[in-house]
Amino acid sequence: MNQDELKKAVGVKSVDYIKSDTVVGLGTGSTVYYMIEELGKRYQSGEIKNIVAVTTSSRSEKQAQSLGIPTKDLNDVDHIDLTIDGADQIDKNYQGIKGGGAAHLLEKMVAINSTKNIWIVDQSKMADTLGSFPLPLEVIPFGCQKTFEDLQKENLKPEFRLDENGKCVLTHNKNYVIDLKVGTIEHPHLLADWLDHQVGIVAHGLFLDIVNTIIVGFEDGPKVID
Ligand code: 5RP
């Protein structure tokens, strides 16, 4: 199986966890795409009924709506039963890096408001330690050069994320993304705590102590880690 087939297998499998009459958080990314596609099929066939989705990006919102899945804003639901999302890297303690698709602020807000969180990944995302995947930050444009210099002083090896025209990538909220190319993150909680206290940083991609279940795509089929 190629990587795309592994993503599809975990995306399809994860829909088994979505029950009728629930509020579902829909993450963002190429793996989540397959999950939403499968959810659309089971919703249209009536196998899954009466759900409402809270989405984490306009991409996921458009896809869900195109399949007839009703969506609501996070402000308009009193809870989310289950969120299914992808991840960029997961370490041996099941801590994660997200934000490769620059959606980590909305993803984190939806995740922390969810009773249960499932991540769906292909096997290449599993690692001993975090950090070989660059850690994304969402930063406000005002004073971003100062924010960047503070990160440099901490030796966090920041780089602005640029689009194909050399312009700063913009998030949903029109903020910039800085990726930290640190190599290895020995102490994710300490780094998360430091980043949480930097005023110009709106959100970082360390998702710690958030996930309940991980579905990993291997050659011989998806494996569930609870
Ligand atoms: C977007 C994310 C995605 O969940 C993450 O990048 C994984 O994406 P993919 O399934 O395409 O590999 O965090 O901000």
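Phenylalanine 160 has isoleucine 178 in strand 9 as its bridge partner, and this pair belongs to the antiparallel pairing of strand 8 and strand 9, which extends over three bridges. The model in which these pairings are seen is a predicted one. Strand 9 also has strand 7 (residues 135-139) as an antiparallel partner, joined to it by five bridges, and within that pairing leucine 135 has leucine 180 of strand 9 as its bridge partner.

Strand 9 is mostly covered, with five of its five residues buried. Tyr176, Ile178 and Leu180 point one way from the strand, whereas Val177 and Asp179 point the other way, and all of them are buried. Isoleucine 178 and leucine 180, the residues that were named above as bridge partners, therefore point one way from strand 9 and are both buried, each with at least the 20 other C-beta atoms within 10 Å that burial requires.

The loop that leads from strand 8 (158-160) to strand 9 (176-180) holds lysine 174, and here the surroundings can be read from a neighbour count. Lysine 174 counts as exposed because it has 8 C-beta neighbours inside 10 Å, where the limit for an exposed residue is 12 or fewer. Between the C-alpha atoms of lysine 174 and lysine 72 there are 21 Å in space, and the two residues are 102 apart in sequence.

On the other side of strand 8 in sequence, the loop between helix 5 (144-153) and strand 8 contains asparagine 155, a residue that is not a glycine and yet has a positive phi of about 60°. Most residues other than glycine have a negative phi. Asparagine 155 is also exposed, because its C-beta neighbours inside 10 Å number 9. Aspartate 209, in the loop between strand 11 and strand 12 (213-218), likewise is not a glycine and has a positive phi, in this case of about 55°. Since 10 other C-beta atoms lie within 10 Å of aspartate 209, this residue too is exposed.

Strand 11, which precedes the loop of aspartate 209, takes part in an open sheet of three strands, arranged in the order 4-5-11 with antiparallel pairing. Strand 4 (89-90) and strand 11 (206-207) each have a single partner strand and stand at the edges, so one side of each is left without a neighbour in the sheet. Strand 5 (residues 96-97) pairs with strand 11 in the antiparallel sense over two bridges, and isoleucine 97 stands opposite leucine 206 of strand 11.

Attention can now turn to the ligand. Around the ligand there are 17 residues, of which Gly29, Thr31, Gly86, Gly100 and Gly101 come nearest. Helix 2 (30-44) and helix 4 (104-112) are the elements that give two or more residues to this shell. By residue class, the shell divides into three nonpolar, 10 polar and four charged residues.

Helix 4 also holds glutamate 107, which UniProt lists in an unreviewed entry under "active site". Glutamate 107 counts as buried because 31 C-beta neighbours lie inside 10 Å. Apart from its neighbours within four places in sequence, glutamate 107 is in contact with Gly27, Thr28, Thr56, Asp85 and Lys98. Between the C-alpha atoms of glutamate 107 and threonine 83 the separation is 9.3 Å, although the two residues are 24 apart along the chain.

The last topic is the nonpolar interior. In soluble globular proteins, nonpolar side chains tend to be buried together. The largest nonpolar core of this model has 55 residues, and the members that touch the most others are Met35, Leu39, Trp119 and Ile120. Helix 2 gives the most to this core, with six residues, and helix 2 is also one of the elements that contribute two or more residues to the shell around the ligand. When residues up to four places away in sequence are not counted, tryptophan 119 touches Asp85, Gly86, Ala87, Ile90, Gly96, Val211 and Ile214. Among these contacts of tryptophan 119 is Asp85, which is also in contact with glutamate 107, and Gly86, which is listed with the residues that come nearest to the ligand.

Definitions and conventions: Residues are numbered from 1 along each chain as its sequence is written. This is a predicted model: local features need pLDDT of at least 70, side-chain atom pairs count only at pLDDT 80 or more; totals for chains, interfaces and linings use all residues. Two strands pair if DSSP finds at least two bridges between them. Helices (H or I, at least four residues) and strands (E, at least two) are DSSP runs, numbered from the N terminus. A residue is near a molecule or strand if its C-beta atom, placed from the backbone, lies within 6 Å of it. Ala, Val, Leu, Ile, Met, Phe, Trp, Tyr, Cys and Pro count as nonpolar, Asp, Glu, Lys and Arg as charged, and the others, Gly among them, as polar. UniProt positions are given in the numbering used here, feature names are shortened, and annotations may be inferred rather than shown by experiment. Two residues are in contact if their C-beta atoms, placed from the backbone, lie within 7 Å. A nonpolar core is a set of buried Ala, Val, Leu, Ile, Met, Phe, Trp, Tyr and Cys residues joined through C-beta atoms within 7 Å.
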